[in-house]
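Student: I have a structure open and would like to understand how its descriptive terms are earned. Could you take me through some of them?

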Amino acid sequence: MAPPDAPADAFGTLDAPLSLAALVPLDTWFSLAGTLAMAGWLALVVFPRSPLVTDRLVGLGVPAALGVLYAGLILAFWAGSPGGFGSLDEVAALFSVRGLLLAGWVHYLAFDLFVGAWEVRTARAEAIPHLLVVPCLLMTFLFGPVGLLMFLALRFLRGLAGRTEGAPA
């Protein structure tokens with residue numbers, strides 16, 4: 001058994017005898033997750049009016065697949081890992097394990113895509129032109145909460161415009 005301060009290897013820690021990385025290298029999981037998420041984002045931009053694509057495939061299917069990968073990574077690397085969530089230093093220690101760093105990245109990919117799909121569904125339901133939503137999607141893809149804020153602001157401004165259009169002159 002490796003000492004507690006032993007460096008992390010491709011399997012997360014030197015003590016982890018078997019993990020997802022033993023079957024497929026972490027860099028391959030990273031590439032697969034990124035490719036799947038990117039396909040989902042592209043589908044949101046290209047097929048915004050298709051409930052099958054935006055609601056079921058990208059809104060549920062892809063985030064669920066990423067969730068399965070996330071769960072596998074957590075199961076494989078969480079036990080015995082350093083760190084925690086009590087301080088920034090603890091989070092940094094937690095993410096010093098490559099498998100948990102990848103889990104964190106997959107977490108972002110899944111949740112940001114889920115939010116992007118919600119933006120497209122909501123825009124479709126509220127008759128917001130898709131061209132106005134695309135910048136929000138780009139920002140959600142790149143900067144998560146900033147894109148969500150943009151979309152919420154877009155909805156708010158459209159709501160204001162709708163109320164002033166119907167007001168008596």
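Student: What makes Phe141 partly exposed?

Tutor: In this predicted model, Phe141 has a relative accessible area of 29%. Buried means under 20% and exposed means over 50%, so Phe141 falls in between and counts as partly exposed.

Student: And why does Trp41 count as buried?

Tutor: Trp41 has 6% relative accessibility, and the limit for buried is under 20%, so Trp41 qualifies.

Student: Why is the pair of Trp41 and Phe141 called edge-to-face?

Tutor: Their ring centres are 5.6 Å apart, and rings pair within 6.5 Å. The planes stand at 65°, and over 60 degrees counts as edge-to-face, so that name applies. This pair links distant parts of the chain, with Trp41 in helix H2 and Phe141 in helix H6, 100 residues apart.

Student: How do you know that H2 is roughly antiparallel to H6?

Tutor: The axes of H2 (residues 26–46) and H6 (residues 130–143) come within 10 Å and cross at roughly 165°. Angles over 145 degrees count as roughly antiparallel, so H2 and H6 fit that term. Trp41 and Phe141 both take part in the contact, which also includes Met38 of H2 and Leu137 of H6. By class, the contact has six nonpolar, two polar and no charged residues.

Student: Ala127 sits in the loop between helix H5 and H6. Why does Ala127 count as exposed?

Tutor: Its relative accessibility is 55%, and exposed means over 50%, so Ala127 passes.

Student: What is notable about the phi of Ala127?

Tutor: Ala127 has a positive phi of about 55°, although it is not a glycine. Most residues other than glycine have a negative phi.

Definitions and conventions: Residues are numbered from 1 along each chain as its sequence is written. This is a predicted model: local features need pLDDT of at least 70, side-chain atom pairs count only at pLDDT 80 or more; totals for chains, interfaces and linings use all residues. Side-chain values use heavy atoms; hydrogens and water are left out. Axes are lines fitted to C-alpha atoms, for helices over the stretch in contact, and angles run from 0 to 180 degrees between N-to-C directions. Helices (H or I, at least four residues) and strands (E, at least two) are DSSP runs, numbered from the N terminus. Angles under 35 degrees count as roughly parallel, over 145 as roughly antiparallel, 65 to 115 as roughly perpendicular and the rest as oblique. Contact means heavy atoms within 4.5 Å. Ala, Val, Leu, Ile, Met, Phe, Trp, Tyr, Cys and Pro count as nonpolar, Asp, Glu, Lys and Arg as charged, and the others, Gly among them, as polar. Buried means under 20% relative accessible area, exposed over 50%, partly exposed in between (1.4 Å probe, protein chains only). Rings of Phe, Tyr and Trp (its six-membered ring) pair if their centres lie within 6.5 Å; planes under 30 degrees apart count as stacked, over 60 as edge-to-face and the rest as tilted.
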